[in-house]
Amino acid sequence: MSSNSLQAQLDLAKQFFRIGDLDRAEYHTRAFLEMNENEEAYFYLGLIQNSQNKWDEALISYYKAVSINHDYGNPCNEIGVLLLRMGKDKEAIYWLKKSVRCAQNDAPHISFFNLATLYKLWNRPERSLQYLHKAMEIKKDFPEAWKMWDELKKDKNESTNAS
């Protein structure tokens, strides 16, 4: 199979994923992986499995993506988010911080936002605000980050006024 037809197979899998046809997306991703194991395909397989609430399988796929390319931030971020959902905060922070250090990351602002969320959960508003600031420097139009920023600033002002 030529590299063009292989790429077309992965592109088709991504299209099916975007429209929510997870079964077809998974089929085409696995067919691609039979011919060519690469980090992007494992990352998409992880996204598909995550969407199906198959968290353990998704983690395995993300770990495979990172094992192929240690500098691929997207699966690192997803690993962090899944570990956070599983209540493994300390492990999550490692992967989220790794994600922001990776040279290849399609959405570093999301990784910074996820770190801000984790620090907000830990009641560390100053640290959370630092990560939000970094996220909003990268992506000015980021409503979720601005909303959390406003909440944290409001909470900070209320606690200052209560003192």
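This section describes the annotated repeat, the nonpolar core and selected helices of a predicted model.

According to the UniProt record, an unreviewed entry, residues 39-72 are covered by the annotation "repeat: TPR". In the predicted model this span is 79% helix and 0% strand, and its end C-alpha atoms lie 8 Å apart.

The largest nonpolar core comprises 47 residues, and those with the most contacts inside it are F17, F43, Y62, I79 and L132. Helix α3, formed by residues 39-51, makes the greatest contribution to this core, supplying seven residues. In soluble globular proteins, nonpolar side chains tend to be buried together. For L132, when neighbours within four places in sequence are left aside, the residues in contact are F113, A116, A145, M148, W149 and L152.

L132 is one of the buried residues of helix α8, alongside S128, L129, Y131, A135 and M136. These residues lie on the same side of α8, because they cover an arc of only 165 degrees around the axis. An α-helix has 3.6 residues a turn, so residues three or four places apart point the same way. The helix itself, residues 125-138, has 14 residues that should span 20 Å at 1.5 Å a residue, and the distance of 20 Å between its end C-alpha atoms agrees with this.

Two of the residues in contact with L132, F113 and A116, are also among the buried residues of α7, which include H109, S111, F112, N114, L115, L118 and Y119 as well. Helix α7 has 14 residues and reaches 20 Å from its first C-alpha to its last, close to the 20 Å expected at 1.5 Å a residue. It is followed by N123, whose phi is positive, near 60 degrees.

Helix α7 (108-121) also contributes to the covering of the buried residues of α6, as do α4 (55-68) and α5 (73-85). In α6, the buried residues are A92, I93, W95, L96, K98 and S99. This helix, residues 89-101, consists of 13 residues and extends 19 Å from its first C-alpha to its last, close to the 18 Å expected at 1.5 Å a residue.

A further buried position is found in helix α2 (residues 22-35), where E26 lies. With a relative accessible area of 15%, E26 is classed as buried, because the cut-off for that class is under 20%. Its side chain is joined to that of Q52 by a polar contact of 3.5 Å. Apart from neighbours within four places in sequence, E26 is in contact with L45, I48 and K54 in addition to Q52.

Conventions
Residues numbered from 1 in each chain as written. Predicted model: local features only at pLDDT ≥ 70, side-chain atom pairs only at ≥ 80, totals over all residues. Heavy atoms only, no water. UniProt positions renumbered as here; feature names shortened; annotations may be inferred. Helix = DSSP H or I, 4+ residues; strand = E, 2+ residues; numbered from the N terminus. Core = buried A, V, L, I, M, F, W, Y, C linked by side-chain atoms within 4.5 Å. Buried < 20%, exposed > 50% of the residue type's maximum accessible area, 1.4 Å probe, protein only. Contact = heavy atoms within 4.5 Å. Expected span 1.5 Å × (residues − 1). Polar contact = N/O pair within 3.5 Å; in protein donor to acceptor, adjacent residues only side chain to side chain. Arc of directions from axis to C-beta.
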